[in-house]
Amino acid sequence: MSLDPYHAPVSPFAAGLSCRCPRCGRGPLFKGFLDLAPKCTSCDLDYDFADAGDGPAVFVILFAGFIVVALAFWVEAKFEPPMWVHALLWIPAILIVTLGLLRPLKALMVALQYRNKASEGRLDHHGQ
């Protein structure tokens with residue numbers, strides 16, 4: 001029997017996108033911009049299980065690249081602005097989109113790891 005207090009299930013999407021604890025949904029997940037806190041200040045969940053790796057960055061790059069490149073092509077075809085206008089539009093846009101999505105997507109990956117009890121892969125040596 002577990003001595004851990006019961007916590008009602010929290011949607012990993014709600015917890016992740018709000019950057020909150022994946023177990024209770026109340027405590028902050030981060031102590032810095034992308035640094036995870038050591039544990040939840042509300043329910044004491046230890047965040048040592050969390051290892052999002054480069055997954056969130058890959059998704060952000062693919063999503064942001066698609067959106068910004070599509071918009072840049074549209075602006076070029078519709079208005080044919082000089083190159084400096086493209087630089088003025090798309091450099092800040094890519095920074096805002098990537099930095100704006102990186103933290104919530106990392107939190108979503110951590111919440112999904114918690115919900116699915118994801119862990120590092122292990123080799124099964126039973127057959128030897």
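1. A residue is called buried when its relative accessible area is under 20%, exposed when that area is over 50%, and partly exposed in between. D44, with a relative accessible area of 49%, is therefore partly exposed. The model discussed here is predicted.

2. D44 also stands out in its backbone. Its phi is positive, about 65°, although D44 is not a glycine. The residue sits in the loop between α1, which covers residues 12-17, and α2.

3. Overall fold. The chain contains 3 helices and 0 strands, and the order along the sequence is α-α-α. Helix α1 spans 12-17, helix α2 takes in residues 55-79, and helix α3 runs over 83-115.

4. Overall dimensions. How does the radius of gyration of the chain compare with that of a compact globule of 128 residues? The chain has 20 Å, whereas such a globule would have a value near 14 Å. Along the principal axes, the C-alpha atoms fill a box of roughly 70 × 45 × 20 Å.

5. Burial and surface. Of the 128 residues in the chain, 30% count as buried. The accessible surface of the chain is about 9000 Å², and carbon and sulfur atoms account for 66% of that area.

6. Contacts and charges. If one takes the contacts between residues at least 6 apart in sequence, 52% of them join residues at least 24 apart. The chain has 11 positive and 11 negative charges, and the mean positions of these two groups are 9 Å apart.

7. Cysteines. How many disulfides does the chain have when a pair of sulfur atoms must lie within 2.5 Å? The count is 0. For C19, the closest cysteine sulfur is that of C21, and the 12 Å between the two sulfurs is too far for a bond. C40 is in no disulfide either; the nearest cysteine sulfur belongs to C24 and is 3.7 Å away. Because a disulfide needs sulfur atoms within 2.5 Å, the 3.7 Å between C40 and C24 does not qualify.

8. Burial of the cysteines just named. C19 has a relative accessible area of 11% and is buried. C40 is at 1% relative accessibility and also counts as buried.

9. W90 and helix α2. W90 belongs to helix α3. Is W90 buried or exposed? At 15% relative accessibility W90 counts as buried, because the limit is 20%. Leaving aside residues up to four places away in sequence, W90 touches V68, L71, A72 and V75. Of these, L71 is found in helix α2. The C-alpha of W90 is 8.6 Å from that of V69, and these two residues are 21 apart along the chain.

10. L71. This residue of helix α2 has 39% relative accessibility and counts as partly exposed, while W90, which it touches, counts as buried. L71 and E120 are 49 residues apart in sequence, and the distance from C-alpha to C-alpha is 39 Å.

11. P104. This proline is found within helix α3. Its relative accessibility is 17%, so it counts as buried under the 20% limit. Which residues does P104 touch, not counting those up to four places away in sequence? They are G16, L17 and C19. C19 is the buried cysteine of point 8. P104 and S18 are 86 residues apart in sequence, yet their C-alpha atoms are 6.8 Å apart in space.

12. K117. The segment after α3 holds K117. K117 is another residue other than glycine with a positive phi, here near 50°. At 70% relative accessibility, K117 counts as exposed, in contrast to D44, which is partly exposed. The C-alpha atoms of K117 and F49 are separated by 8.9 Å, with their positions 68 residues apart along the chain counted as the separation.

13. Points to check in the viewer. Start with the positive phi of D44 in the loop between α1 and α2, then the contacts of W90 with V68, L71, A72 and V75. Next come the contacts of P104 with G16, L17 and C19. Finally, look at the sulfurs of C40 and C24, 3.7 Å apart and in no disulfide.

Terms used
Residues numbered from 1 in each chain as written. Predicted model: local features only at pLDDT ≥ 70, side-chain atom pairs only at ≥ 80, totals over all residues. Heavy atoms only, no water. Helix = DSSP H or I, 4+ residues; strand = E, 2+ residues; numbered from the N terminus. Rg over C-alpha atoms; globule rule 2.2 N^0.38 Å. Buried < 20%, exposed > 50% of the residue type's maximum accessible area, 1.4 Å probe, protein only. Contact = heavy atoms within 4.5 Å. Areas by Shrake-Rupley, 256 points an atom, 1.4 Å probe, with all protein chains shown as cover. Lys, Arg positive; Asp, Glu negative; His and termini not counted. Charge placed at Lys NZ, Arg CZ, Asp CG, Glu CD.
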